[in-house]
Amino acid sequence: MVEIQCEYAMRGNAPTGDIELRIQNHTKQILRLDVKDHGYKTGDHGISVAPGASQTLVLTLAESHRWYDFSLTIAGANQFLRRFAGRLETGVSGFSDPVMGQAT
């Protein structure tokens with residue numbers, strides 16, 4: 001089993017404007033995960049997590065005005081797909097969805 005948490009990256013009690021993707025591998029094999037960006041130019045990422053270990057991947061959202069849309073797959077697990085999309089709130093004035101407005 002794999003445990004995935006998509007959380008606001010924090011500095012003290014304040015969100016930084018980035019996303020932390022926390023992955024915990026509860027299996028007995030190395031897991032290779034792929035993170036695919038769907039339009040906000042955060043880039044695609046690959047991450048390997050050893051058996052019983054956990055890894056954290058920080059997605060920087062400054063260029064997308066804190067908007068995100070990405071999916072997570074696991075190599076060899078063809079039925080596994082998780083997708084995360086939205087806008088991270090920090091209490092600072094925001095910007096309309098740049099992909100919807102074709103500003104990216």
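**Entry 1: the four-stranded sheet**

I began with strand S6 (residues 67-74), which pairs with S7 in the antiparallel sense over seven bridges; strands here are DSSP runs of E with at least two residues, numbered from the N terminus, and two strands count as paired if DSSP finds at least two bridges between them. I note at once that this is a predicted model, in which local features need pLDDT of at least 70 and side-chain atom pairs count only at pLDDT 80 or more, while totals for chains, interfaces and linings use all residues. I also wrote down that residues are numbered from 1 along each chain as its sequence is written, and that side-chain values use heavy atoms, with hydrogens and water left out.

Looking across the pair, I found leucine 72 opposite arginine 82 in S7. I then followed the sheet outwards and saw that it is an open one of four strands in the order S4-S3-S6-S7, with antiparallel pairing. Strand S4 (45-49) and strand S7 (77-87) stand at its edges, and because each has a single partner strand, one side of each is left without a neighbour in the sheet. Neighbouring strands of this sheet are turned by 20 degrees against each other on average, direction ignored; the axes for this are lines fitted to C-alpha atoms. As a reminder to myself, strands of a sheet pair through backbone hydrogen bonds, either parallel or antiparallel.

**Entry 2: the three-stranded sheet**

Which strands make up the other open sheet, and in what order? I read the order as S1-S2-S5, three strands with antiparallel pairing. Strand S1 (2-11) and strand S5 (54-59) are the edge strands, each with a single partner strand, so one side of each is left without a neighbour in the sheet. The twist from one strand to the next averages 25 degrees.

I looked up both pairings: S1 and S2 run antiparallel and are joined by nine bridges, while S2 and S5, also antiparallel, are joined by six bridges. Between S1 and S2, I found methionine 10 opposite proline 15 in S2, and tyrosine 8 opposite isoleucine 19 in S2. Isoleucine 19 in turn stands opposite leucine 59 in S5. The hairpin of S1 and S2 has two residues between the strands, and in it glycine 12 takes a positive phi near 70 degrees.

**Entry 3: glutamate 20**

Is glutamate 20 buried or exposed? I located this residue in strand S2 (residues 14-25), and its relative accessible area of 18% makes it buried, since buried means under 20% relative accessible area with a 1.4 Å probe, protein chains only. Leaving aside its neighbours within four places in sequence, glutamate 20 is in contact (heavy atoms within 4.5 Å) with Gln5, Cys6, Glu7, Ala9, Thr56, Leu57 and Val58. I also checked leucine 81, 61 residues away along the chain, and the C-alpha atoms of the two residues are separated by 18 Å.

**Entry 4: the whole chain**

Stepping back, I counted zero helices and seven strands in the chain. The C-alpha trace spans about 45 × 35 × 15 Å along its principal axes. Buried residues make up 35% of the 104 residues. Of the contacts with a separation of 6 or more, residues 24 or more positions apart account for 52%. Finally, I noted that the chain exposes about 6,400 Å², of which carbon and sulfur atoms supply 47%, with areas taken from the Shrake-Rupley method and a 1.4 Å probe.

Technical notes. Buried < 20%, exposed > 50% of the residue type's maximum accessible area, 1.4 Å probe, protein only. Axes fitted to C-alpha atoms, helices over the stretch in contact; angles between N-to-C directions.
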